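These are my notebook entries on a single chain, written as I looked through the model. I recorded cavities, pockets, a sheet, some cysteines and one helix residue.

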Amino acid sequence: MLAPSYSEALEFAIDRSYDINLDMLRSRKLHLDTYNDYLVGTYPPLKAMGELNAEKLLGEITSSIDLYFHIPFCNQYCTFCHFAKEINPRSGRVERYLAALDKEMRWSDAALAGRSIETAFFGGGTPSILTNPQLKALFDMINQRFDLSKSEVSFELHPTLGKQVDAVDRISTLLKNGVNRFVLGVQSLDQNILRILNRGHGVDEVRQLVELLNKLGVQNLSLDLIYGLPQQTLRSWYDSLIGLLDMGVEKFNIFPLLFKSTDPVARHLSKGRYQFAGAKERIIMHFMAEHILTRLGYRHGPIFYWTKKSQPHSVQQRRKYDSWNDNNLIPFGVGGFGYMSQCQFYNEADLDRYLDRVESGGKPVWKGVVLTQDDLMRRTVMLALRSSGVPLSRFEREFGVSMEQYFRREIKKLTEAGLISISEGVLTLTTAGIINSGAVSLQFFSNEVLERVARTDSRILDKRTDLIEKHDYSPAARYGATAEMQAIFGQGR
């Protein structure tokens, strides 16, 4: 089946955009504007966390677990990225970091022994920056501890890998060590946008790497795309998506651009340096992608993920959103965040502090919190809504209370605004809710957590450089009024 033409996709998307009543949502404080919008990464968020005794993490580990390994090294600084990273590490830095990862894993060896590993994810940074010997060393230390033979093992790639002389060797090493899912960060196929983002690659590198992966027999590949990028037009958004479809890509991770004051792209927005899509245009881009992909037989879910394959988009996403509190995410590496023994926590986000903590023999926990029953219920709703929804009967079995009663105020407000609905006993996001999912999640934050977030936020002296500000993945305590936001984002260059 042929993809819809640009004019057809645009007409469809414009028609659908009228279903989103932005004025009404803004009046009810249920639409977060471009500066303020953000997805919930953890609950409670970093700004609501405090000191946590690392030993608490080992108390009630679930029988099946997920692993995350953070590789914080890159060749360039992408203007939109706020994850822990170091650019062009000096000699010996990578080897020292890998040795620290090995030592960090030792801390929990006994507690994790015998656990079933459902998924393992290698993120960054740029994991594919590692040389072939470094990749072999990394997997040697992992395979000594964990059996990944029955796990979904995901590995993030940068398009420039394809032009490395040993690209085949590196990919072969990954395949031999159980990697069975690759995630390729593309973001756009517009050369000018890639230059502004400082991505360090062009369109040719994307095509070259996709072809190489296909040649090597890789059958599970997801590509990242972002809409709302600087200088991105509705036409260039359409062309990027169609260009990747023409390469035969069958899985996509499609996200709106999210701003943090610690990122260069946020200052570009505040200073008017480039053209950025407004709220209406971002909605139209969302519906253009939905129309094109649906027409071509792709399935939607979780909310920012699309797949043409018969199996789910990924086990990782199903575990993240739909397993509720039944799985533990164990992070290894700087800046990793996890959920263990009913504790939400972050590892040290400063690389030197991380190395010092680990080399001294400790678990590098930076901030954390033990979740209450109320926290667990709210966390469940926020995450499950991003995927297949919240079955009301399962919620009541799990927590011993009626969800409709416990969250009656939130459900009433969001239902009246057309952001959620209940059908056949399952609470789900509507189309408008998907587009405003950050605002929906914010409604389920407790007053106590919001107060803790506000106290932490009030102590941040410089939002452009603060580590907590940089790593708090949450819409709570964002920037407020336009003048305040522009003052924050506009400082410095």
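Entry 1, the second largest cavity. I first looked up which helices supply its wall in this predicted model. I found that α11 (279–295), α18 (431–435) and α19 (437–443) each contribute at least two residues to the lining of the second largest cavity. The helix that gives the most is α11, with 4 residues. I noted a volume of about 240 Å³ for the second largest cavity. Its lining comprises 20 residues, and those closest to the centre are His31, Asp37, Pro256, Arg282 and Ile435. By class, I recorded 11 nonpolar, 6 polar and 3 charged residues in this lining. For context, I searched the whole structure and obtained 4 cavities of 30 Å³ or more.

Entry 2, the largest pocket. I then turned to the open spaces, where the largest pocket has a volume of about 390 Å³. I listed 19 lining residues for the largest pocket, with Lys29, Leu32, Leu442, Gln443 and Pro475 nearest its centre. Two or more residues of this lining come from each of α19 and α20 (447–458). I noted that α19 has the largest share, 3 residues. Helix α19 therefore appears in two of my lists, since it also supplies at least two residues to the lining of the second largest cavity, by the run-based numbering of helices. The lining of the largest pocket divides into 9 nonpolar, 5 polar and 5 charged residues.

Entry 3, the second largest pocket. I recorded about 210 Å³ of space in the second largest pocket. It is lined by 15 residues, and Asn75, Ser128, Ile129, Gln164 and Arg170 are the closest to its centre. I counted the classes of this lining as 5 nonpolar, 9 polar and 1 charged.

Entry 4, a sheet. I traced an open sheet of 3 strands, which run in the order β15-β17-β16 with antiparallel pairing. Which strands stand at the edges? I found β15 (390–391) and β16 (420–423) there; each has a single partner strand, so one side of each lacks a neighbour in the sheet. I followed the pairing of β16 with β17 (residues 426–429), which is antiparallel and extends over 4 bridges. Within this pairing I noted Ile422 opposite Leu427 of β17.

Entry 5, cysteines. How many disulfides does the model contain? I obtained a count of 0 disulfides. I checked Cys81 in particular: its closest cysteine sulfur is that of Cys78, at 6.3 Å, which is too far for a bond, because a disulfide requires the sulfur atoms to be within 2.5 Å. I also looked up burial. Cys81 has a relative accessible area of 14% and is buried, and Cys343 counts as buried at 1% relative accessibility. Both assignments follow because buried means under 20% relative accessible area.

Entry 6, Met485. I located Met485 in helix α22 (residues 482–490). Is Met485 buried or exposed? I recorded Met485 as buried, at 0% relative accessibility. Leaving aside residues up to four places away in sequence, I found that Met485 touches Asp33, Tyr35, Asn36, Tyr479, Gly480 and Gly490. Finally, I noted that Ser261 lies 224 residues from Met485 along the chain, while their C-alpha atoms are separated by 8.8 Å.

Definitions and conventions:
Residues numbered from 1 in each chain as written. Predicted model: local features only at pLDDT ≥ 70, side-chain atom pairs only at ≥ 80, totals over all residues. Heavy atoms only, no water. Buried < 20%, exposed > 50% of the residue type's maximum accessible area, 1.4 Å probe, protein only. 1 Å grid on protein atoms, 1.4 Å probe; cavity = no way out; pocket = protein on both sides within 12 Å on 5 of 7 lines; lining within 4 Å. Points joined across faces, edges and corners; volume = space filled by probe spheres on them. Nonpolar A, V, L, I, M, F, W, Y, C, P; charged D, E, K, R; others polar. Pairing = 2+ DSSP bridges. Contact = heavy atoms within 4.5 Å.
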